[in-house]
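Biologist: I should like to learn how to read pockets, cavities, surface patches and salt bridges in a model. May we take them in turn?

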Amino acid sequence: MRNLKTIRLVVIRTQELGESDKLITGYSKEKGKIQLLAKGAQRSLKRFVNKLELFSYLTIQYNDKYRLPIINWAELLDSFLPLRQCYNSYTTAILICEHFYYWTAADDGDKELFNCLLWFLGELARQPARNSQILVLFLSKFYDRLGYRPDLTACAVCGKLDNTAAPFAFRTAHGAIICRRCSVERGAIPLALPTIKLLSLAFELPVGKLSRLKLNNRACREALNLFRCYGRYLLDRDMQAWQSTYPHFNK
Ligand SMILES: [Zn+2]
């Protein structure tokens, strides 16, 4: 059976197909984003019960003879159950998964991104109260890995990064910050100096050490606004999940 393949993935989206099938989108270390068909999954066949759910970390055997590979069996490695039991963790986890859905491609596996996904879902499951901070740290790593790290080293015009130049503003079109003295532009994304310093640290620290960073409400608000606006600029659309997670943010 040379068409049978085994893969480990995290389910990042599920869709019902017709009367009884389910379309599973996962992110895997080897193949990046992958779509698979689970035949009969809606009729809760025993082999799939409670396994092909959003956020599940699975080993899957599939047959790749078909254009849309068909799942043979699935084994649950971690369900990240707490993510389904707290509304804020749930919507934050969906936002993380949607980033993988929209920003990654098929046949483009990335071990670091995959480990990042597992680590952040785990953190979110363990510390639901820190959901906004965890999201900021995730986005720092995610954008950085994709090559879209915002340039926060200093004002892009005068090269200063100190309190006399604060507050700063992020410009999506340049992917960089401009200080108060160099810009009077309205509608730019405000960033206080402590937020800039925290984000700069988040870009540098290895994933496993990120939990030592503590972000207050202001830093979270500014950073999330930055990533949302920058993402919308890069992707040329606002992701639906942002609207349900942070409906009060700038449109
Ligand atoms: Zn400046």
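Modeller: Let us begin with the pocket. The model is a predicted one, and its largest pocket holds about 180 Å³ of space.

Biologist: How is empty space found, and which residues line the largest pocket?

Modeller: In general, rolling a probe the size of a water molecule over the atoms shows where empty space is left. In this structure, the lining of the largest pocket consists of Glu112, Leu113, Asn115, Cys116, Lys141, Asp144, Arg145, Phe203, Leu205 and Val207. Helix H2 (111–126) and helix H3 (131–145) are the elements that give two or more residues to this lining. The most comes from H2, with four residues.

Biologist: How do the residues of that lining divide into nonpolar, polar and charged?

Modeller: Five are nonpolar, one is polar and four are charged in the lining of the largest pocket.

Biologist: Arg145 belongs to that lining. With which residue does arginine 145 form a salt bridge?

Modeller: The partner of arginine 145 is aspartate 110, and their closest N and O atoms are 2.9 Å apart. This pair links distant parts of the chain: aspartate 110 lies in the loop between helix H1 (87–103) and H2, arginine 145 in helix H3, and 35 residues separate them. A network of salt bridges links Asp110, Glu112 and Arg145, and Glu112 is also named in the pocket lining.

Biologist: Is aspartate 110 buried or exposed?

Modeller: Aspartate 110 has a relative accessible area of 15%, so it counts as buried, the class for values under 20%. Arginine 145, at 39% relative accessibility, is partly exposed.

Biologist: How many salt bridges does a search of the whole structure find?

Modeller: The search finds 12 salt bridges. Among them is that of aspartate 64 with lysine 5, with the closest N and O atoms 2.8 Å apart. Aspartate 64 sits in the loop between strand S4 (57–63) and strand S5 (70–78), whereas lysine 5 is in strand S1 (residues 4–17), and the two are 59 residues apart. Aspartate 64 is partly exposed at 29% relative accessible area, and lysine 5 is partly exposed at 32%.

Another salt bridge joins the side chains of arginine 149 and glutamate 204, at 3.0 Å from N to O. Here arginine 149 is in the loop between H3 and strand S6 (168–171), glutamate 204 is in helix H4 (residues 193–204), and the pair is 55 residues apart. Arginine 149 is partly exposed at 35% relative accessibility, while glutamate 204 is exposed, with a relative accessible area of 55%.

Biologist: Which residues make the nonpolar surface patch?

Modeller: Tyr148, Tyr233 and Leu234 make a nonpolar surface patch of about 270 Å². Leucine 234 is found in helix H5 (residues 217–235).

Biologist: Let us turn to the cavities. How many cavities of 30 Å³ or more does a search of the whole structure find?

Modeller: Two are found. The largest cavity has a volume of about 40 Å³. Its lining includes His99, Trp103, Tyr143, Arg228 and Trp242. H1 and H5 each supply at least two residues of this lining, and H5 has the largest share, four residues.

Biologist: And which residues line the second largest cavity?

Modeller: The second largest cavity, with about 30 Å³ of space, is lined by Trp119, Phe120, Glu123, Arg130, Ile134, Leu137 and Ser211. H2 gives the most to this lining, with three residues. By class, four of the lining residues are nonpolar, one is polar and two are charged.

Key:
Residues are numbered from 1 along each chain as its sequence is written. This is a predicted model: local features need pLDDT of at least 70, side-chain atom pairs count only at pLDDT 80 or more; totals for chains, interfaces and linings use all residues. Side-chain values use heavy atoms; hydrogens and water are left out. On a 1 Å grid over the protein atoms alone, a cavity is a set of points where a 1.4 Å probe fits but cannot get out, and a pocket is an open set with protein on both sides within 12 Å along at least five of seven lines; lining residues have an atom within 4 Å of a point. Grid points are joined across faces, edges and corners, and a volume is the space filled by probe spheres set on the points. Ala, Val, Leu, Ile, Met, Phe, Trp, Tyr, Cys and Pro count as nonpolar, Asp, Glu, Lys and Arg as charged, and the others, Gly among them, as polar. Patches are made of residues with over 30% relative accessible area and no salt bridge: like charges are joined within 9 Å, nonpolar side chains (Val, Leu, Ile, Met, Phe, Trp, Tyr) within 5 Å. Accessible areas come from the Shrake-Rupley method with a 1.4 Å probe; for residues, only the protein chains shown count as cover. A salt bridge is a side-chain nitrogen of Lys or Arg within 4 Å of a carboxyl oxygen of Asp or Glu. Buried means under 20% relative accessible area, exposed over 50%, partly exposed in between (1.4 Å probe, protein chains only).
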